[in-house]
Amino acid sequence: AHIELLNCSITSGLDLESSANIRLRIGDKVFKSSGHGNGGFDAFMKALAQPLSESELTMPELIDYEVRIPPGGQANALTECVIQWADDAKQFHTRGVNSNQVFAGIQATLRMLNVRLHQRQQ
Ligand code: ILE
C-alpha cells in the first residue's frame, strides 16, 4: 500500500487557528478530512488522524523538526525539512523538500508514513 496526498489546502492567519483540508489516498481508499491546529503543520497532523486510524496506521512521536535553506539561498529558495521521529526505542528521520516550508514538513511526514506502510507489508 502507498499513501498519496491528492489535495491539500492550508490556511493560516495571525492570531487565528490554522486549518487544513486534505484529500488523501491510502492504498485504494480515498479520504477527505480536515483539522485545526496551532500552526499549519499541526492542522495537517490533526487532519491525518482520522484517515490513519481507519487504516490502522499509527503516528510515531515527533522528536525534532528543522527547516533550512541552502547556503546563500534567498526568500525564493527551496526549503528542506528534516523531522526526527521516535517509535518505541527506535529513532529515525525523514526529509521533505518544497518551496513552501509547511509543505516541506508535510512531504517529510508522508515519506515517514510510506516507510511504515511498506514495512507493514513485509
Ligand atoms: N506548530 C508549528 C506548525 O504547526 C510547528 C510544527 C512547531 C512542527 O507549523
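**Group meeting: a walk through two sheets, two helices and a ligand**

Okay, let's start at a turn. Strand 2 and strand 3 make a hairpin with two residues between them, and in that turn Gly 27 has a positive phi of about 65°. Before I go on, please keep in mind that this is a predicted model.

So what does that hairpin belong to? Strand 2 covers residues 16-26, and nine bridges tie it to strand 3, with the two running antiparallel. If you want one pair to look for on screen, take Ile 22, whose bridge partner in strand 3 is Ser 33. Another one is Ser 18, which stands opposite Gly 37 in strand 3.

Now go to the other side of strand 2. Strand 1 and strand 2 also form a hairpin, again with two residues between them, and Asp 15 in that turn has a positive phi of about 60°. The pairing of strand 1 with strand 2 is antiparallel and runs over nine bridges. Here a good pair to look up is Leu 5 with its bridge partner in strand 2, Leu 24.

Put those together and you get an open sheet of three strands, in the order 1-2-3, with antiparallel pairing. Its edges are strand 1, residues 3-13, and strand 3, residues 29-37, each of which pairs on one side only. Neighbouring strands in this sheet are turned by 10° against each other on average, if you ignore direction.

Let me zoom in on one residue here, Cys 8, which sits in strand 1. Which residues does Cys 8 contact, leaving aside its neighbours within four places in sequence? They are Asn 21, Ile 22, Phe 44, Phe 103 and Ile 106. Take Asn 21: it is 13 residues away from Cys 8 along the chain, yet their C-alpha atoms are separated by 5.7 Å.

Next, the helices. Helix 1, residues 40-54, lies across strand 1, strand 2 and strand 3, and runs at about 140° to strand 3. Helix 2, residues 101-121, lies across strand 1 and strand 2, at about 150° to strand 1.

Then there's the second sheet. This one is also open, with three strands in the order 4-5-6 and antiparallel pairing. Strand 4, residues 61-68, and strand 6, residues 90-98, are at the edges with a single partner strand each, so one side of each has no neighbour in the sheet. From one strand to the next, the twist averages 15°. Strand 4 is joined to strand 5, residues 79-87, by seven bridges, and the two run antiparallel. Within that pairing, Asp 64 has Gln 84 as its bridge partner in strand 5. And helix 2 turns up again: it packs on this sheet, touching strand 4, strand 5 and strand 6, and its direction makes about 135° with that of strand 6.

Last stop, the ligand. Which residues are around it? You'll find Asn 38, Gly 39, Gly 40, Phe 41, Asp 42 and Tyr 65. Helix 1 gives the most to this shell, with three residues. Sorted by class, the shell has two nonpolar, three polar and one charged residues.

There are some backbone approaches to point out too. At Asn 38, a backbone N or O atom lies 2.7 Å from a nitrogen atom of the ligand. At Gly 39, a backbone N or O atom is 3.4 Å from a ligand oxygen atom. And a polar backbone atom of Asp 42 is 2.8 Å from an oxygen atom of the ligand. As for cover, the ligand on its own exposes 280 Å², and the protein buries 59% of that.

To recap for anyone who came in late: there is an open sheet in the order 1-2-3 and another in the order 4-5-6. Helix 1 lies across the strands of the 1-2-3 sheet, and it's also the top contributor to the shell around the ligand. That's my tour, thanks!

Technical notes:
Residues numbered from 1 in each chain as written. Predicted model: local features only at pLDDT ≥ 70, side-chain atom pairs only at ≥ 80, totals over all residues. Heavy atoms only, no water. Pairing = 2+ DSSP bridges. Helix = DSSP H or I, 4+ residues; strand = E, 2+ residues; numbered from the N terminus. Axes fitted to C-alpha atoms, helices over the stretch in contact; angles between N-to-C directions. Contact = heavy atoms within 4.5 Å. Near = heavy atom within 4 Å. Polar contact = N/O pair within 3.5 Å; in protein donor to acceptor, adjacent residues only side chain to side chain. Areas by Shrake-Rupley, 256 points an atom, 1.4 Å probe, with all protein chains shown as cover. Nonpolar A, V, L, I, M, F, W, Y, C, P; charged D, E, K, R; others polar.
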